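Hi there,

Here is the structure I promised to pass on. Have a look at it first, and then read my notes below.

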Amino acid sequence: MSINPHPHSQRPAHRPPPPAFPPRTRSRPLSRTRLLGRVLAVFVAVAALLATPGGSGWAAARPGLAATPSGVGGSAVGLGEAGDGAGLRRAGPGAGPGSVAGPRLLAKAAILADEATGQVLFERNAGAGRAMASTTKVMTALLALERLDERRVVTIGSGPPRVGEESLRLRQGERLTVRQLLLGLLVKSANDAGVALAEAVDGTEAAFVRRMNRKAAALRLTATHYVTPYGLDRPGHQTSARDLAHLWEVAMRRADFRSLVATRGARIPGSPLSLRRFVTTNQLLGSYHWTVGGKTGYTNRAGRCLVASASRGGRRLVAVALGSPNAFADVQALFEYGFVGYVRARLAGRGQPVAQASGSPAAYQADSDADALVRLDQLGQVRLTLAPGTAGGGTGTAGGGPGGATAAWFTAAGRRLLRIRLVRLPGARPAPTPTTVLTAPTTAGPAPTTTTISATRPGPSSTLALTAPTSVPAAPTNVGGTPEATLTVGTAVPVRPVPPGAAAPVIDPFLRRAPP
């Protein structure tokens, strides 16, 4: 049976042709009764949405978010797939309610760290040496900025025009400023600009590469070795995700470097009658609102590579993805995991007593405030553990270090968060208050308190509130303001918000952002 592509071209004789213009009909306006009925239906639908189980109609409407009970005695928020954090995957069947699963990554190596403290939030093969492609140019630019004035005019020699792959097509004898070459290096990722800067610093490319390796050794980049200033595949040319994150943090201390890697497009002189126009290779600058800057890279051996920083909600994170088919998606997933899945919390206050066992008097006190980023679904799993080699921490003798000091770690779900120094109290004394254990509220005692911790949501201005009622009143303070609720080694640590203006602790000095 064939189908006529023009069904109206052959009409049965008994069917009259349609009129040239359809008859005009007047639309009937909605009556007041029908209008009120539709408005009422909308209100009913909204009310039904808000009444869905789980306590939040918005959460039920967006499958990536669900409000569920947590281990901190109140309610926590579990984060899932793309509805609230791109790249955050929904927790599997074995995970408890409210679980925050790790980011979905395809990179062979990756790391995510908080730049203020150096705390590592996620890592995968972070110490393994891998090809790094054009992320090499972070070191090239850093050394050029340290050694050259950006206004200096560089005359292009014979070396830059011979470099292949991505380039500015520099010509021998051409004159450009150091600033213009740096834009070509970091925005367009031009290899010939890297050679031109190397020759401007040390005369030859080989001498500059030796300088790059001396700088890497000075920064303790133990998995890093350079063979070229631009990053094309060469035997032995490699770095690690951890090394690259540290190098990026060092470079980002400079305002001139930050300006360069935040540039979306540039124009520099070309031929006598034209300009070279180019846009950044870092797609996150246009697609991820919180991106501060980044450097891309790609070769067949290295795969897609990216190191970048993002700032949101008062926090700045650095992320690295190496050997990925899509480094932009991987780094964005890491950022969402860090911003949405973690909250900064105070784990102990300076002078807070610490007991080695439940029921025993406090023998130590915290030497400083202890603040760290804690994953939302692990707020009720924070524990204090004595470091190995100290009293009660494995091997070692009682008394710890000099002056009776010892060390301890705050951990969550078996992962170390923060190291803290404990000093011995002048004499054994009973703990002022019972050990705080995060359990369900009891009928005895004062009314439970409510602690609210906020973390920034993916939206431009919204926030996520975590409300965690505890079973005990807030920790009392003495005249000097020292918290008196005793922490006990091995038991749950009550977390609380960090006071405004509190200084960020040094968790990992290698990855911590230092003052510019």
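**Salt bridges and what they join**

Let me start with one residue: Glu123 is partly exposed, as its relative accessible area is 43%. Keep in mind as you read that this is a predicted model.

What does Glu123 pair with? Its partner in a salt bridge is Arg415, and the closest N and O atoms of the two are 4.0 Å apart. Glu123 sits in strand E4 (residues 120-124) and Arg415 in strand E18 (residues 415-429), so this pair ties together parts that are 292 residues apart in sequence. Arg415 counts as partly exposed too, at 35% relative accessibility. If you wonder why such pairs turn up, side chains of opposite charge can pair when their charged atoms come close.

In total the structure holds 18 salt bridges, and I picked out a couple of others for you. Asp371 forms one with Arg346, where the closest N and O atoms are 2.7 Å apart. That pair links distant parts of the chain, with Asp371 in strand E15 (residues 370-375) and Arg346 in strand E12 (residues 342-348), 25 residues apart. Are these two buried or exposed? Both Asp371 and Arg346 are buried.

Then there is Glu174, whose side chain meets that of Arg171 in a salt bridge (3.9 Å, N to O). Glu174 is buried, with a relative accessible area of 8%, whereas Arg171 is partly exposed at 38%. There is a third member here as well: Arg171, Glu174 and Arg276 are linked in a network of salt bridges.

**The chain as a whole**

Stepping back, the chain has 10 helices and 22 strands. It is made up of 516 residues, and buried residues make up 48% of them. If you take contacts between residues at least 6 apart in sequence, 63% join residues at least 24 apart.

**Two helices to look at**

Find helix H5 (residues 191-202) in the viewer. With 12 residues at 1.5 Å a residue, H5 should span 16 Å, and its end C-alpha atoms are 17 Å apart, which agrees. Now, how many of its residues are buried? The count is 10 of the 12, so H5 is largely enclosed by the rest of the structure. Among the buried ones are Asn191, Asp192, Val195, Leu197 and Val201. What do they pack against? The buried residues of H5 pack against helix H3 (137-147), strand E5 (153-155), helix H4 (178-188) and helix H6 (205-218). Just after H5 comes Gly203, which has a positive phi, near 90°.

Helix H4 tells a similar story. Of its 11 residues, 10 are buried, so H4 is also largely enclosed by the rest of the structure. Its buried residues include Val178, Leu182, Leu183, Leu186 and Val187. H4 is followed by Ser189, and the phi of Ser189 is positive, near 65°.

**A loop residue that meets H4**

Next, look for Thr263, which is found in the loop between helix H8 (255-261) and strand E7 (265-269). Is Thr263 buried or exposed? Its relative accessibility is 16%, and since buried means under 20%, Thr263 counts as buried. Leaving aside neighbours within four places in sequence, Thr263 is in contact with Leu183, Val187, Thr280 and Leu285. Leu183 and Val187 are among the buried residues of H4. Another residue of that helix, Leu186, is 77 residues from Thr263 in sequence, yet the two are 8.8 Å apart in space, C-alpha to C-alpha.

**The largest pocket**

Last comes the empty space. The largest pocket holds about 470 Å³. It is lined by 25 residues, and the closest to its centre are Ser134, Gly297, Tyr298, Thr299 and Arg304. Which elements supply at least two residues each to the lining? They are strand E9 (291-299), strand E10 (303-312) and helix H10 (327-341). E9 gives the most, with 4 residues. Sorted by class, the lining has 8 nonpolar, 11 polar and 6 charged residues.

Have fun exploring!

Key
Residues numbered from 1 in each chain as written. Predicted model: local features only at pLDDT ≥ 70, side-chain atom pairs only at ≥ 80, totals over all residues. Heavy atoms only, no water. Expected span 1.5 Å × (residues − 1). Buried < 20%, exposed > 50% of the residue type's maximum accessible area, 1.4 Å probe, protein only. Contact = heavy atoms within 4.5 Å. 1 Å grid on protein atoms, 1.4 Å probe; cavity = no way out; pocket = protein on both sides within 12 Å on 5 of 7 lines; lining within 4 Å. Points joined across faces, edges and corners; volume = space filled by probe spheres on them. Nonpolar A, V, L, I, M, F, W, Y, C, P; charged D, E, K, R; others polar.
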